[in-house]
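Biologist: Hey, got a minute to walk me through this model? I'd like to start small and work up.

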Amino acid sequence: MVEAALYEDGVRVSTPATLADTYRELREKPSGMAWIGLARPTESELLSLAEEFDLHPLSVEDAMEAHQRPKLERYGDTLFVVLRAARYLDAPEEVEFGELHVFVGPDFVITVRHGAAPDLSAVRRRMEETPELLKLGPEAVLYAILDAVVDGYAPVVAGVQNDIDEIETEVFRGDPEVSRRIYELSREMVEFQRATRPLVGMLHGLMAGFAKYGTDEELQRYLRDVADHVTHTSERVDGFRQALTDILTVNTTLVTQQQNAEMRALAEAGFEQNEEIKKISSWAAILFAPTLVGTIYGMNFEHMPELHWVFGYPFAIALMGVVCTGLYVVFKRRDWL
């Protein structure tokens with residue numbers, strides 16, 4: 001147990017040290033309200049609360065297991081609310097999500113927190129500083145918690161917007177790591193969307209029950225304001241997801257264009273290299289012909305045809321010229337030279 005307190009007419013009258021003391025003192029004050037805060041409670045603590053306040057077994061099971069989607073369920077006189085809080089971590093540029101379960105009964109509020117967010121101690125201080133609101137009862141505490149969770153989304157929205165601006169710059173700068181950053185931020189936006197979108201329906205469900213459950217007029221205004229904020233946040237998150245999808249498409253296009261340019265450059269370099277090889281091969285063949293003739297006639301055999309022929313030398317020179325000229329003409333017609 002993180003903290004437990006008893007209130008009468010919006011003022012704290014007791015701070016019990018244990019759950020047993022809380023139960024006893026609440027029974028002694030029929031007009032009081034207990035606000036019990038727990039963080040990652042044990043099974044025995046939840047079972048004790050379930051027995052004392054007649055909590056539905058399904059809601060207790062959800063609070064034990066956590067990892068629930070945001071929802072609002074009513075079991076008799078008790079409301080069970082699951083919220084997903086979020087906070088932006090500046091250093092790693094990540095969004096951290098927490099889970100909060102709230103049981104709201106006629107004379108009690110029980111909060112079960114899984115994760116660092118939200119800071120419920122700040123919510124308690126705020127409510128204790130405004131006793132005229134706190135004396136409206138457990139529903140007022142629920143709406144204050146909803147407001148704190150929704151207000152906590154604002155820094156996350158600002159941080160994500162800054163990340164998207166940086167990603168757009170990195171995309172057009174050709175940063176090779178930007179694809180990973182887009183993917184990771186897209187995953188966080190999926191989680192953010194799962195946290196915010198159900199809240200819109202939950203708050204409208206609460207507003208629909210104003211007349212049936214006789215909700216105070218001040219709380220009605222309070223809840224409408226929270227509903228406006230969460231609707232705006234949900235729309236921003238939807239916009240972020242679409243923006244990241246568009247950025248990823250642009251990044252893919254730019255990467256493809258860069259790869260095509262590199263392939264074209266490689267192809268051009270290969271073509272130029274082939275042209276050079278053709279020229280070298282052609283000249284090597286042309287120069288090989290006189291070398292062959294000269295090599296044959298350079299052998300010092302005594303009995304060789306035309307060895308003592310008067311026209312042997314000019315014939316050899318002419319043969320070299322004819323062969324070289326013929327090879328040059330052939331290679332030239334094939335555009336090798």
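Biologist: Is D9 buried or exposed?

Modeller: D9 is exposed, with a relative accessible area of 68%. The cut-offs, with a 1.4 Å probe and protein chains only, are: buried under 20% relative accessible area, exposed over 50%, partly exposed in between. Bear in mind that this is a predicted model: local features need pLDDT of at least 70, side-chain atom pairs count only at pLDDT 80 or more, and totals for chains, interfaces and linings use all residues. Also, residues are numbered from 1 along each chain as its sequence is written, and side-chain values use heavy atoms, with hydrogens and water left out.

Biologist: Where does D9 sit?

Modeller: D9 is in the loop between β1 and β2. Those names come from DSSP runs numbered from the N terminus: helices are H or I runs of at least four residues, strands are E runs of at least two. The two strands make a hairpin with 2 residues between them, and D9 takes a positive phi near 55° there.

Biologist: What's the fuss about a positive phi?

Modeller: Most residues other than glycine have a negative phi. R40 has a positive value too, with phi near 45°. R40 is in the loop between β3 and α2 (43-53), and at 57% relative accessibility it counts as exposed.

Biologist: Back to the hairpin. How many bridges join β1 to β2?

Modeller: There are 3 bridges, and the strands run antiparallel. Two strands count as paired if DSSP finds at least two bridges between them. E8, for one, has V11 in β2 as its bridge partner.

Biologist: And what sheet do they belong to? In what order do the strands come?

Modeller: It's an open sheet of 7 strands in the order β2-β1-β3-β7-β6-β5-β4, with mixed pairing. β2 (11-14) and β4 (71-75) are at the edges with a single partner strand each, so one side of each has no neighbour in the sheet. From one strand to the next, the twist averages 25°. Angles run from 0 to 180 degrees between N-to-C directions, and axes are lines fitted to C-alpha atoms, for helices over the stretch in contact.

Biologist: Which helix packs on that sheet?

Modeller: Helix α4 (residues 120-129) does, touching β1 (3-8), β2, β3 (33-39), β6 and β7 (108-114). The direction of α4 makes about 160° with that of β3. Contact here means heavy atoms within 4.5 Å.

Biologist: Back to the β4 edge. How does β4 pair with β5?

Modeller: In the antiparallel sense, over 5 bridges. R74 stands opposite L79 in β5.

Biologist: And R12, over in β2? What is R12 in contact with?

Modeller: Leaving aside neighbours within four places in sequence, R12 is in contact with E3, A5, L6, Y7, R124 and E128. R12 and E128 are 116 residues apart along the chain, yet their C-alpha atoms are separated by 7.4 Å. R12 itself is partly exposed, with a relative accessible area of 26%.

Biologist: R124 is on that list. Which ring does R124 lie over?

Modeller: W35: R124 lies over its face, at 4.4 Å from the ring centre. A charge sits over a ring if NZ of Lys or CZ of Arg is within 6 Å of the ring centre and within 35 degrees of the ring normal.

Biologist: Changing topic: how many aromatic pairs are there?

Modeller: The structure holds 6 aromatic pairs. One of them is F80 with F103, a tilted pair at 4.9 Å centre to centre and 35° between the planes. F80 is in β5 (residues 78-89) and F103 in β6 (residues 94-104), so the pair ties together parts 23 residues apart in sequence. Rings of Phe, Tyr and Trp (its six-membered ring) pair if their centres lie within 6.5 Å; planes under 30 degrees apart are stacked, over 60 edge-to-face, and the rest tilted.

Biologist: Are those two buried or exposed?

Modeller: F80 is buried at 0% relative accessible area, and F103 is buried at 1%. Ring pairs also link Y23, F53 and F108 into a cluster.

Biologist: What about D62, which contacts F80?

Modeller: D62 lies in helix α3 (residues 57-65) and is buried, with a relative accessible area of 12%. Beyond neighbours within four places in sequence, D62 also contacts Q68, K71 and H101.

Biologist: Last one: which domains is the protein divided into?

Modeller: Domain 1 (2-256) and domain 2 (277-334), with bounds from an automatic or database domain assignment. Their C-alpha centres lie 94 Å apart.
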